[in-house]
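Let's take a walk through this protein together. Have the viewer open and follow along at your own pace.

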Amino acid sequence: MIVVAAILVLANIFWYVRHRRQQKKLAETVLPSNATQLLTENVPFYNKLSDKDKALFEARIKDFLAHTTVRGVEVEVDDLDRILIASGAIMLIFSFPDWKYNNISEILLYPSSFDRQFSQDAPERNVLGMVGDGAMHREMILSKRSLRASFSNPADGENTVLHEFAHLIDKADGATDGIPEYLLSKPQVLPWISLVRETINQMRASGHSDIDLYGATNETEFFAVITEYFFEQPGKLKEHHPELFSMLEQMFHPQAAPKN
Ligand SMILES: [Zn+2]
């Protein structure tokens with residue numbers, strides 16, 4: 001009994017100290033004075049928000065940056081890099097006010113595509129980003145060139161930041177398998193799996209698709225690729241794949257999405 005009480009007291013102290021440390025870090029984190037300008041000039045998603053939501057978006061990127069370090073490897077990290085990474089991260093979860101990425105502490109920024117030795121899953125792809133595994137399980141690697149290109153072409157269907165954070169959302173339920181269980185209600189899981197498999201099979205059989213063929217690698221990559229498409233070219237996705245669009249709408253914007 002005494003041992004249990006002692007463990008509970010220690011656990012409470014540990015939680016309290018950690019909570020205080022996080023609060024202090026958040027209080028110490030300041031967005032650059034021109035953050036609003038950087039967002040306005042570089043993040044179309046932000047520009048479409050109401051004034052109230054813009055303030056909320058800024059608070060959430062600040063919170064993200066208080067918990068996530070961005071470190072340059074042979075490249076300088078500037079304010080715009082931090083703002084763009086945080087924006088991509090928050091865009092995906094903006095409909096979930098309480099969602100925080102608990103599975104990332106550090107992002108390594110490389111100048112351009114990095115050595116393939118880092119990548120386990122994409123040997124044929126020029127590696128522009130990846131989510132770490134094993135000893136690097138709380139790390140993400142991004143290429144600065146690709147980061148900048150992702151936001152300077154915000155409607156070409158490709159965004160490395162959205163791609164990698166989609167993997168983190170997928171990973172949050174314990175399995176990086178293309179089934180983001182936190183975004184899906186139980187009855188949606190099987191329809192999602194069968195829709196994904198059907199689409200991948202079509203892509204493989206025809207050898208071409210409006211969806212990036214890299215998405216046909218497996219279910220995991222499909223989810224990351226289709227997330228890029230959904231956020232960057234929603235109109236086109238809706239036209240070509242209404243069912244996929246509708247499911248993604250329910251996953252990412254559950255309050256706004258029409259229920260089937
Ligand atoms: Zn990927």
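What follows goes from the whole chain to the sheet, then to the helices beside it, and ends with a couple of single residues.

Before anything else, keep in mind that this is a predicted model. The protein is built from 11 helices and four strands. It has 260 residues, and 33% of them count as buried. If you take the contacts between residues at least 6 apart in sequence, 61% of them join residues at least 24 apart.

Now find the sheet. How are its four strands ordered? They run E1-E2-E4-E3 in an open sheet, and the pairing is mixed. At the edges sit E1 (69-72) and E3 (129-131), each pairing on one side only. From one strand to the next, the twist averages 20 degrees.

Let's cross the sheet pair by pair. As background, strands of a sheet pair through backbone hydrogen bonds, either parallel or antiparallel. E1 and E2 (residues 106-110) go together in the parallel sense, over four bridges; look for Thr69, whose bridge partner in E2 is Glu106. Next come E2 and E4, also in the parallel sense, with five bridges. Here Leu109 has Leu142 of E4 as its bridge partner. Then the sense changes: E3 and E4 pair antiparallel over three bridges, and Val131 is matched with Met140 in E4.

How much of E4 is buried? Four of its five residues are, so E4 is largely enclosed by the rest of the structure. The cut-off behind that word is 20 or more other C-beta atoms within 10 Å of a residue's own.

Time to bring in the helices that pack on the sheet. H5 (residues 79-93) touches E1, E2 and E4 (139-143), and its direction makes about 130 degrees with that of E1. H6 (residues 144-152) packs on the sheet too, touching E2, E3 and E4, with its direction at about 75 degrees to that of E4.

H5 has a helix partner as well. It packs with H7 (residues 160-171) at an angle of about 50 degrees, and the two axes are 9 Å apart. That angle makes H5 oblique to H7, and the crossing is right-handed. Which residues meet there? From H5 come Leu84, Ile85, Gly88, Ala89, Met91 and Leu92, and from H7 come Val161, Leu162, Phe165, Ala166 and Ile169. Sorted by class, this contact holds 10 nonpolar residues, one polar and no charged ones. The polar one is Gly88, because Gly is counted among the polar residues.

Two single residues are worth a stop before you leave. Glu74 lies in the loop between E1 and H5. What about its backbone? Most residues other than glycine have a negative phi. Glu74, though not a glycine, has a positive phi of about 60 degrees. Is Glu74 buried or exposed? It is exposed, as 9 other C-beta atoms lie within 10 Å, and the cut-off for that label is 12 or fewer.

The other stop is Ala66, which belongs to H4 (residues 51-67). Ala66 counts as partly exposed, with 17 other C-beta atoms within 10 Å. Now look from Ala66 to Ser105: the two are 39 residues apart in sequence, and their C-alpha atoms are 9.9 Å apart in space.

Terms used: Residues numbered from 1 in each chain as written. Predicted model: local features only at pLDDT ≥ 70, side-chain atom pairs only at ≥ 80, totals over all residues. Pairing = 2+ DSSP bridges. Helix = DSSP H or I, 4+ residues; strand = E, 2+ residues; numbered from the N terminus. Axes fitted to C-alpha atoms, helices over the stretch in contact; angles between N-to-C directions. Contact = placed C-beta atoms within 7 Å. Parallel < 35°, antiparallel > 145°, perpendicular 65-115°, else oblique. Left-handed = near helix turned anticlockwise from the far one by under 90°.
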